[in-house]
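Thanks for making time this morning. I have one structure to go through, and I will keep to what can be read from the coordinates.

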Amino acid sequence: MQLVMDNPVISPGGRILVASLGLGALLLLVTAWNLPPDPRGFGTHEQLGLAPCTFYRITGRLCPTCGATTAWAFALRGEIARAMACNLAATIFCGAAIVAVPWLILSAVLGRWVYARPSWRNTLVVTGAVLLVGLLDCLRRNALP
């Protein structure tokens with residue numbers, strides 16, 4: 001993957017967007033940090049007043065996003081193996097959020113990209129790869145007894 005190493009100025013509107021993305025990811029991290037992970041490996045989001053997974057309720061099978069909040073809660077406690085068992089793609093996204101938050105916020109504050117400017121192509125390739133991992137992981141989680 002090729003990084004775009006120039007660090008051009010970020011427009012005022014772009015700075016707001018970048019700061020919003022960074023703060024949004026930070027909010028997700030803080031929320032997951034404050035939730036005790038559900039020992040079932042999924043369902044942690046229900047502590048926020050959200051409904052249980054409809055797909056799971058109807059089919060008895062985990063959907064691709066089942067276990068995502070639980071994975072973040074475990075990962076942020078350093079329990080990476082348990083996080084990966086809950087939802088591998090969510091664990092990867094959690095790691096990406098940990099790296100992205102300071103990068104995005106610092107870039108927004110400075111008004112220029114720190115280290116590297118993201119490219120749409122690289123972002124789409126990485127996101128697509130993680131989503132594929134998520135689908136394959138969902139198949140794995142449903143295949144095991």
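**Asn87 and its surroundings**

Leaving out residues up to four places away in sequence, Asn87 touches Pro64, Thr65, Cys66, Gly67, Ala68, Ala71, Asp137 and Arg141. Before going on, I should say that this is a predicted model. The average pLDDT of the protein is 93, and 94% of the residues score at least 70.

Back to Asn87. Where does Asn87 lie? Its place is the loop between α4, residues 80-86, and α5. Is Asn87 buried or exposed? The relative accessible area is 2%, so Asn87 is buried. The Asn87 side chain also makes two polar contacts to backbone atoms that I want to point out. One goes to the backbone oxygen of Cys66, at 3.1 Å. Another goes to the backbone nitrogen of Ala89, at 3.3 Å.

Two of the residues that Asn87 touches, Asp137 and Arg141, take us to helix α6. Their side chains meet in a salt bridge, 3.2 Å from N to O. They sit four residues apart in α6, about one turn of the helix. Asp137 also forms a salt bridge with Arg140, at 2.6 Å from N to O. Here the spacing is three residues, again about one turn of the helix. As for burial, Asp137 has 4% relative accessibility and counts as buried. Arg141 is buried too, at 10%, whereas Arg140 is partly exposed at 34%.

Asn142 is also in helix α6. Its relative accessible area is 19%; the cut-off for buried is under 20%, so Asn142 is buried. Apart from neighbours within four places in sequence, Asn142 is in contact with Arg61 and Leu62.

Ala71, another residue that Asn87 touches, belongs to helix α3. In α3, the buried residues are Thr70, Ala71, Trp72, Ala73, Phe74 and Ala75. Why is α3 described as largely enclosed by the rest of the structure? Because six of its eight residues are buried. What do those buried residues pack against? They pack against α1, α4 and α5. In confidence, α3 has the highest mean pLDDT among the elements, 98, and α6 has the lowest, 93.

Now the salt bridges as a whole. How many are there in the structure? The search finds five. Besides the pairs in α6, there is one between Glu46 and Arg40, 3.8 Å from N to O. Both residues are partly exposed: Glu46 at 29% and Arg40 at 47%. Together with Asp38, Arg40 and Glu46 are linked in a network of salt bridges.

Next, some nonpolar residues. Leu23, Leu26 and Val30 form a nonpolar patch on the surface, with about 240 Å² of accessible area together. Val30 is in helix α1, residues 12-33, and counts as partly exposed at 41% relative accessibility. Ile98, in helix α5, is partly exposed at 44%. Ile98 touches Leu29 and Leu76, not counting residues up to four places away in sequence.

Last, a backbone detail. Most residues other than glycine have a negative phi. Tyr115 has a phi near 70°, which is positive, and it is not a glycine. Tyr115 is found in the loop between α5, residues 88-110, and α6, residues 120-143. With 55% relative accessibility, Tyr115 counts as exposed.

That is the end of my part.

Terms used
Residues numbered from 1 in each chain as written. Predicted model: local features only at pLDDT ≥ 70, side-chain atom pairs only at ≥ 80, totals over all residues. Heavy atoms only, no water. Helix = DSSP H or I, 4+ residues; strand = E, 2+ residues; numbered from the N terminus. Buried < 20%, exposed > 50% of the residue type's maximum accessible area, 1.4 Å probe, protein only. Contact = heavy atoms within 4.5 Å. pLDDT = per-residue confidence, 0-100. Patch = residues over 30% accessible without salt bridge, like charges linked within 9 Å, V, L, I, M, F, W, Y side chains within 5 Å. Areas by Shrake-Rupley, 256 points an atom, 1.4 Å probe, with all protein chains shown as cover. Salt bridge = Lys/Arg side-chain N within 4 Å of Asp/Glu carboxyl O. Polar contact = N/O pair within 3.5 Å; in protein donor to acceptor, adjacent residues only side chain to side chain.
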